[in-house]
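Student: Could we go through this one together, with the cut-offs spelled out?

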Amino acid sequence: MNDIIISVRELTKCFGDFTAVNRISFDVRRGEIFGFLGANGAGKTTAMRMLCGLSYPTSGSGTVAGYDVMREGEQIKRHIGYMSQRFSLYNDLTVEENINLFAGIYGLSKAETEERTTELLERLNFSSERKTLVGSLPLGWKQKLSFAIATIHRPEVVFLDEPTGGVDPVTRRQFWEMIYEAAAGGTTIFVTTHYMDEAEYCSRVSIMVDGEVRALDTPARLKQQFVVESMDEVFRTLARGAQRGE
Amino acid sequence: MSAIVVDNLSKSFGAVKALDSVSFEVERGELFGLIGPDGAGKTTLFRLLTTLLNPDEGGAVVDGYDIVKDYLSIRSRVGYMPGRFSLYPDLTVEENLDFFAALFGVTVEESYDLVAPIYSHIEPFRTRRAGKLSGGMKQKLALSCALIHRPSVLFLDEPTTGVDAVSRSEFWDMLAGLKERGITILVSTPYMDEASRCDRIALCNEGRILGVDTPQGIVERFDSPLYAVSADNMFALLESSRKVEGVEECYPFGEAHHLVANEKFDLERYKTQLSDIENLNIVPTKPTIEDMFIKLMKR
């Protein structure tokens, strides 16, 4: 089995004469929690869209979950998980209906869906909530369910877009615990965020400035390198030199 | 006299108790932070204090005026920056500022000295439509508009949400500048790391206030030994740590987990029991606002 789940070289995206992402290269390993940081306008969203198969690069090369980022966008979409704080579940559908909906989108058969639904509900201790409307669940439960559904098709890599903004500290920790568990089980986690305290939870982080990856290492080594106490200071030191705004 | 006195304030929406008997006071000239997640009741509190809602129970006084009886006097004395961008997107930067000045019967010139440190950043774009500004620039324009009538009390509802770390830090520098001018500021944020920029803070959750103090004072109330623990397998570490006697709690905290110990905790025994965990590292650490928040939430 290949242990590099995401590998990109010189990945570039231009819009007209504007280079949004400029020759970024990096590898993400199996089971890693990889933080992808950047200021507003640094090119983070554009880069992530390419990694998720939503847009094709202008040049460069790479693979995500074994598929070519230059031409296999559809395959990539099927083989990754995606969860964002903004788009999660349908509040006016029940827990079961939400699961069925996403299982259907990912093309699982009826039998597979039923089997995984039961397994998922048992694992989350949710079996009694099968027919409950998602809108009436507490936020922490919604988040857990949302992550479980984002991984219903057992993707090798899950993209999390600002997963815990605005969430209370206890719920947030329950969420990270679930992420650690998934990573320990071999799922690769790719987190984009501009909140530096989320960055501290990652195994390694990259920081984008002006379309380029300017730093990539463990939070500990980055703090050491910049001789500062927090990722927030590392980020501010790098981003202050940014030439382009939002 | 305090700039803001909140006394047993309650407000419900249907079955949801958005604010549940909240009381606190903000001194004149203080930079006071409401720190709490979504659903803590921060926005409801702002809407009550700016007289946009009436309370179900309790009351509040802002700059000496009662929020129910004297609502008109309050409206001319306070500046309010709502959480959602609320300026006119199809008016230019300059037109928005002129509009708010006109509403309050002042001119931009009269207040220019007060808004200049903020407005000067966006003045080069004064003919641009507000809807076309970047997030950081919108935020500066909204703050300029909230200040144009020289309010005595400024209410800022999550001004830094969705803003990147550099702009967030600049924004707090601007608030420090306004505080120097004697303006009382009540500001809310879901980010615990911003608490240190406030004179005093109230930690809030689900409509209640968990504690009010200086950031330092809040942290000093944390009265249990606290350790930072890390290892190769962070998930296994979490589960194993929780099984050791004397471990009150162990939760993820960025690069290391935080371990809250009680009187039965013994460091050597902990290390022995976790001897199969590779690269175990445990060191005493200082509590943060977030540790205290967790402790108060679980009480």
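A few questions and answers about chain B and the core follow.

Tutor: It's a predicted model, so local features need pLDDT of at least 70, side-chain atom pairs count only at pLDDT 80 or more, and totals for chains, interfaces and linings use all residues. Residues are numbered from 1 along each chain as written, with chains lettered from A and ligands numbered from 1 in written order.

Student: Which strands stand at the edges of the open sheet in chain B?

Tutor: Strands here are DSSP E runs of at least two residues, and helices H or I runs of at least four, numbered from the N terminus. Two strands pair if DSSP finds at least two bridges between them. The order is β12-β13-β11-β14 (chain B), with antiparallel pairing. The end strands each have a single partner, so one side of each lacks a neighbour in the sheet: those are β12 and β14 of chain B.

Student: What is the bridge partner of Val229(B) in β13(B)?

Tutor: β11 (residues 226-230) and β13 (residues 256-261) of chain B pair in the antiparallel sense over four bridges. In β13(B), Val229(B) is partnered by His257(B).

Student: How many residues of α5(B) are buried?

Tutor: Buried means 20 or more other C-beta atoms, placed from the backbone, within 10 Å of a residue's own (exposed is 12 or fewer, partly exposed in between). Helix α5 of chain B spans residues 135-147, and its buried residues include Lys138(B), Leu141(B) and Cys145(B). Of its 13 residues, the buried ones number eleven.

Definitions and conventions: Expected span 1.5 Å × (residues − 1).
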